[in-house]
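Here are my comments on the structure you sent round. Please read them with the sequence and the model open.

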Amino acid sequence: MTPRFSVLTAVHNPERSHLEECLASVRNQTLADWEHIIIDDASTHPWVSDVLDRAAANDPRVRVVKRVENGGITAASSDALAVATGELIALLDHDDVLAPNALDAMSSACTDLVDVAYSDHDLLRPDGRYAVPSFKPDFSPERLRSQNYITHFLVARRSLVDAVGGFRPGFDGAQDHDLVLRLTERARGVAHVPIVLYHWRQSPDSVTTSSDNKPWAFEAGVRAVADHCARVGIAATVELTEHEGCYRVVRDLRSHPLVSVIIPTRGSAGRVWGATRVFVVDAIQSLIEKSTYRELEFVVVYDSVTPDAVLEALRRLAGERLVLVEYDRPFNFSDKMNLGAVHASGDLLLMLNDDTELIAPDSVEVLVGHLQTPGVALVGSKLLFSDGTLQHGGHVYYHDLRHACLSWPGDSPGPWPLRPLAVERECSGVTAAAALIHRSAFEEVGGFPTELPLNFNDVDFCLKLRAAGHRIVWTPWACWYHFESRTRIPELAPGEYEFINERWHYAINNDPYYNMNLEPSRSDWLERPMRSGAPAIESRPNAFRRIGSRLKQGGTG
Amino acid sequence: MPEPRSDGDVAALQAEIDRLRTLVGPSEQSYVDLRVDLLAARDAAKGAEAGEGVYRGRVIELEVALARARQDQDHFQRAVFNTIRSGRHRIIRAVRSRLL
């Protein structure tokens, strides 16, 4: 009978104890329906062959194939795939360990419409303790282009692995990233199991410890992502970033469509960096002076109380590119944005708060580039407070509505190991303080909700977009200052929270791009208690148990 | 073609120029200096605030690390407590079984 799972392991000179732990972890699976295909990639340690032969002799589900010559991880994995007979292919490195329920949990996740599944994982330290769990988001294709956040434990349908050509040579060190990119391009469904099912051994020369050991792995990663972009029709250049294992996809613009910048304002002034500024004037001035994107139209929706001098300054600054729209009703952010959209000429709408200043000159290009990707309707930016700390890194809706990593250092990659601030990624929502959207998507969801004049209007807007099947992306490469007060306490209009809670109760408590193993009502990727790696302490030898056992033996003997 | 200004207009404009010169002082360079001073002061304030932001951001990061450490410490204490409690029971049972 054909087994459901084929676990593939390429072996080359591991430490003996590590290999034995690896083999035992498969042998001890709670699900029995598996085969373990082990390729000995011409190990030179003589005991390797003995250990593998013994494993095969003790369990008929273990099959060992010995290569005559060392061919590397890709060749060995391809050999393993060639002899595998299972419906689902699972990848396990020769020194790593599966949780006892790994195959069982993955079997449940791989329903009829799921072709690829992955789980959370953690690191197995040299002292045997587990540490640094990776609590991952649900499938996030944009993020996968920026980093291989999936890594382990990966399971894919055999038919799909064959269809994408299996393991490809030339990507050693990033062969798993290359494979998972090709798999997810064609998968009908990708499932995420939010359980730590894989313990990735941290060895001195492992990529898990330092990139200095394997810089070529990340260079192979650049090629894997570039190839992926070419396959899916993204014209782009892929670059390494200062954060190891994180890539930047710089998209080529097919065209330079008109971008209508919609700015609601009262023409107010305030002090920033010790000087007084009229916010809306300086916001537009920074775009005109710094932005390298020239096809801009400025739609300023101003309250009737806006001083004439401000309007005159805007006319001088933006000239024919300025569209002034008077708003004479009580303040309603949503209504003002909707009105701005009506008067905009562009097919792309850049929603911008007036208390902003552009930092990265190519920000608009970055945002426009993302909207060239089918399925992406809204792209949000990285926003910094005036002191350079993070104001916006994407929204997190997990038992609260929060900005990710609020007030973290502006140049921080974010919490380890996933470093969400260093990569472009799908989000449940982004702030409308600096975000670009397709006009068609804006109109499709009816714009902003006028029932929410002050707060949560961008949350509702984003959730409507996602409910309509669109993706929302946050990028760290488009960057503005946002001079919002750090200490501002949102003044809720009556019924605002009730409105959002009633309409989106499930969505604001279950963020697919966060993780249920993380602490609720936070947005800094802090693990829930006892899930940060500490539980491994329980697996250490219990001195008291041994003492009690000896006493008992003495008493009964 | 611009309309010729009246003598009164010219006189008023000249008076305004004189007033502004009085404000500026003997050197018109003062305008430029003032602008340069303002920008330098703004940049200094920006730099100082950014320096403060570095520390503020670091504090936030450390707060998260502290929260994680407290969770781990709490877990460790529970683990040790449970170990001691179960160990104590085992020892008591073993001693009893020897004595009885």
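The points below cover cavities, helix packing and unusual backbone geometry.

1. Status of the model. This is a predicted model. Please keep that in mind for every point that follows.

2. Cavities overall. The count is three cavities of 30 Å³ or more. The largest holds about 70 Å³ of space. The second largest has a volume of about 40 Å³.

3. Lining of the largest cavity. Pro415(A), Trp416(A), Pro417(A), Leu418(A), Arg419(A) and Pro420(A) are among the lining residues. Pro133(A), Phe135(A), Leu518(A), Trp525(A) and Glu527(A) also belong to this lining. By class, the lining has nine nonpolar, two charged and no polar residues.

4. Lining of the second largest cavity. His395(A) and Val396(A) take part, as do Arg425(A), Glu426(A), Cys427(A) and Ser428(A). Asp511(A), Tyr513(A), Tyr514(A) and Trp525(A) line this cavity too. Strand S21 (395–397) and strand S23 (425–426) of chain A each supply at least two lining residues. Here the classes are five nonpolar, two polar and three charged. Note Trp525(A): this residue lines the largest cavity and also the second largest.

5. H1 and H2. Helix H1 (residues 16–27) and helix H2 (residues 46–58) of chain A pack with their axes 11 Å apart, at an angle of about 15°. An angle under 35 degrees counts as roughly parallel, so H1(A) and H2(A) are roughly parallel to each other. The crossing of H1(A) past H2(A) is right-handed. H1(A) brings Arg16(A), Leu19(A), Glu20(A) and Leu23(A) to the contact. H2(A) brings Trp47(A), Val48(A), Val51(A), Leu52(A), Arg54(A) and Ala55(A). That contact has seven nonpolar, three charged and no polar residues.

6. H14 and H15. Which hand does the crossing of H14(A) past H15(A) have, left or right? The crossing is left-handed. Helix H14 (residues 457–467) and helix H15 (residues 496–504) of chain A pack at about 15°, with axes 11 Å apart. They are therefore roughly parallel to each other. On the H14(A) side, the contact uses Val459(A), Asp460(A), Leu463(A), Lys464(A) and Ala467(A). On the H15(A) side, Phe499(A), Ile500(A), Arg503(A) and Trp504(A) take part. The classes are six nonpolar, three charged and no polar.

7. H9 and H10. The axes of helix H9 (residues 279–290) and helix H10 (residues 308–318) of chain A come within 10 Å and cross at roughly 5°. That makes H9(A) roughly parallel to H10(A). Val280(A), Val281(A), Ile284(A), Gln285(A) and Ile288(A) of H9(A) meet Val310(A), Ala313(A), Leu314(A), Leu317(A) and Ala318(A) of H10(A). This contact has nine nonpolar residues, one polar and no charged.

8. Cis peptide bonds. His152(A) and Phe153(A) are joined by a cis peptide bond, with omega about 0°. Phe153(A) sits in the loop between helix H5 (141–146) and strand S8 (154–157) of chain A. The bond from Trp416(A) to Pro417(A) is also cis, with omega near -5°. Pro417(A) lies in the loop between strand S22 (401–403) and S23 of chain A. Both Trp416(A) and Pro417(A) line the largest cavity.

9. Positive phi. Trp273(A) is not a glycine, yet its phi is positive, about 50°. Its place is the loop between strand S13 (269–272) and strand S14 (275–278) of chain A.

How values were computed:
Residues numbered from 1 in each chain as written. Chains lettered and ligands numbered in written order. Predicted model: local features only at pLDDT ≥ 70, side-chain atom pairs only at ≥ 80, totals over all residues. Heavy atoms only, no water. 1 Å grid on protein atoms, 1.4 Å probe; cavity = no way out; pocket = protein on both sides within 12 Å on 5 of 7 lines; lining within 4 Å. Points joined across faces, edges and corners; volume = space filled by probe spheres on them. Nonpolar A, V, L, I, M, F, W, Y, C, P; charged D, E, K, R; others polar. Helix = DSSP H or I, 4+ residues; strand = E, 2+ residues; numbered from the N terminus. Axes fitted to C-alpha atoms, helices over the stretch in contact; angles between N-to-C directions. Parallel < 35°, antiparallel > 145°, perpendicular 65-115°, else oblique. Left-handed = near helix turned anticlockwise from the far one by under 90°. Contact = heavy atoms within 4.5 Å.
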